[in-house]
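Good morning, and thank you for coming. Please look at the structure now on the screen, and I shall take you through several of its parts in turn.

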Amino acid sequence: MVDHFPFKSALVTGGGGFIGSHLVERLLKLNVKVTCLDNFSGGKMENISTYIDNPLLTVAKADITDYDGIVDLFKGIEIVFHQAVSKNSVCLINPRLDLRTNAEGTFNVLEASRTHGVKKIVHASTGSVYGEPRYVPEDELHPTEPVSFYGTSKLAAEKYGMVFRQLYGMDVSVLRYFHVYGPRQEDNDYGGVVSIFIRRALNGLPPIIFGDGSQIRSFTYVADVVKANLLVACSPAASGEIYNCASGLKIPIRRLADIVLEQLGRSDLRIQYSGWKPGDIKNFDISNDKIKNIGMSFDWDFEQGVAATVQWLRGKYGGQAG
Ligand SMILES: NC(=O)c1ccc[n+]([C@@H]2O[C@H](COP(=O)([O-])OP(=O)(O)OC[C@H]3O[C@@H](n4cnc5c(N)ncnc54)[C@H](O)[C@@H]3O)[C@@H](O)[C@H]2O)c1
């Protein structure tokens, strides 16, 4: 836990989205003045609506691909948490949007931060920058050979961050997230697998597994991701560093399906199996030693995180799934 958060003002890009809204919430609880910058293409106002009357919160509907439209929002900001992203699901349909949002958008965020002397930038990246594992467990020195437009644009974003650091001495840190799940994650068919399985089971539908369910994910609960962001923000040793932000859990998808059915008392639903998804990486075995070495602990066990997500989705649907 962060005892003392040294920044008084923060800007969260993508603050209306899944992870961004949890960060906004946590920062407000730390009495930080927060600007939530989001174009609400994927994010939702309702994700932050509980705090809308909080005088510490400013919501700016703006687009990170429009430099002139965002630059003034960075005035007076001490720290930026850059979460905005073009949805993974659009990357095959519109890879150019991916490039613009994730690479050029990040460039704009960095440039605006430089213009206004932002002290620290924590950049959200992804395990997709690695591509196929060459060895396991994958640490931060693993080659980066992304196999998707999304991973490629996110890798470019990381590189821009490091170049801004080298050229202008900016304090940039990168967190590579893996399989984040929890309340507010999209539960439509493009959303996260945990939320999809829960939504389906709430609706009396069985989970559908692509492949045989043996594929392993390092599911990481959103509160732990927020914790990692605050830790990296406050650790001088994290400047210029890249960290895997993964719980280190190794959960087969089949186990996830069983847990969801158990927790919802729907063991009567028979899991359905479909063909493997092309390009599906079978085994995520991720080293989190580096971030643990600066004091991170991943506190949420998987069943506890699934239970919290079930509770939230029950509330969202009032007992009825959509
Ligand atoms: N969720 C995961 O499992 C996961 C895994 C790896 C990495 N990440 C990274 O975490 C970050 C947050 O992801 P998330 O899951 O919360 O996604 P999300 O889609 O819920 O949130 C992204 C937010 O960015 C906003 N946005 C999109 N384009 C924008 C633009 N041009 N200008 C301003 N705002 C824009 C969206 O409206 C949305 O609110 C991303 O950088 C993503 O790459 C997430």
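I begin with the surroundings of helix 5: the elements that cover its buried residues include strand 7 (180–181), helix 7 (253–263) and helix 9 (302–317). Please keep in mind throughout that this is a predicted model.

How many of the residues of helix 5 are buried? The helix spans residues 193–202, and 10 of the 10 are buried, so helix 5 is largely enclosed by the rest of the structure. Among these buried residues are Val-194, Ile-196, Phe-197 and Ile-198, and also the two arginines Arg-199 and Arg-200. Just after helix 5 comes Gly-204, which takes a positive phi of about 80°.

Phe-197 leads us to the largest nonpolar core, which has 78 residues. Those that touch the most other members are Val-12, Leu-175, Phe-197 and Val-260. Which helix gives the most to this core? It is helix 6 (residues 222–234), with 8 residues. The core also draws at least three residues from each of domain 1 and domain 2.

Let us take Leu-175 as an example. Apart from its neighbours within four places in sequence, Leu-175 is in contact with residues including Val-122, Ala-124, Ala-228, Val-232, Tyr-243 and Cys-245.

I turn next to the sheet. It is open, with 7 strands in the order 3-2-1-4-5-6-11, and the pairing is parallel. At its edges are strand 3 (57–61) and strand 11 (242–245), each of which pairs on one side only. From one strand to the next, the twist averages 20°. Within the sheet, strand 1 (residues 9–13) pairs with strand 2 (residues 33–38) over 5 bridges, and Leu-11 stands opposite Thr-35 in strand 2.

Two helices should be viewed together with the sheet. Helix 3 (residues 95–115) packs on it, touching strand 1, strand 4 (79–82) and strand 5 (120–126), and its direction makes about 175° with that of strand 4. Helix 4 (residues 149–168) lies across strand 5, strand 6 (172–177) and strand 11, and runs at about 155° to strand 5.

Finally, the domains. The domain assignment gives domain 1 as 9–177 and domain 2 as 181–217 + 249–284 + 300–317. Their centres, taken over C-alpha atoms, are separated by 26 Å. Where the two domains meet, 9 residues of domain 1 are in contact with 7 residues of domain 2. On the domain 1 side, the touching residues divide into 4 nonpolar, 3 polar and 2 charged.

Thank you for your attention.

How values were computed. Residues are numbered from 1 along each chain as its sequence is written. This is a predicted model: local features need pLDDT of at least 70, side-chain atom pairs count only at pLDDT 80 or more; totals for chains, interfaces and linings use all residues. Two strands pair if DSSP finds at least two bridges between them. Helices (H or I, at least four residues) and strands (E, at least two) are DSSP runs, numbered from the N terminus. Axes are lines fitted to C-alpha atoms, for helices over the stretch in contact, and angles run from 0 to 180 degrees between N-to-C directions. Domain bounds come from an automatic or database domain assignment. Ala, Val, Leu, Ile, Met, Phe, Trp, Tyr, Cys and Pro count as nonpolar, Asp, Glu, Lys and Arg as charged, and the others, Gly among them, as polar. A residue is buried if 20 or more other C-beta atoms lie within 10 Å of its own, exposed if 12 or fewer, and partly exposed in between; C-beta atoms are placed from the backbone. A nonpolar core is a set of buried Ala, Val, Leu, Ile, Met, Phe, Trp, Tyr and Cys residues joined through C-beta atoms within 7 Å.
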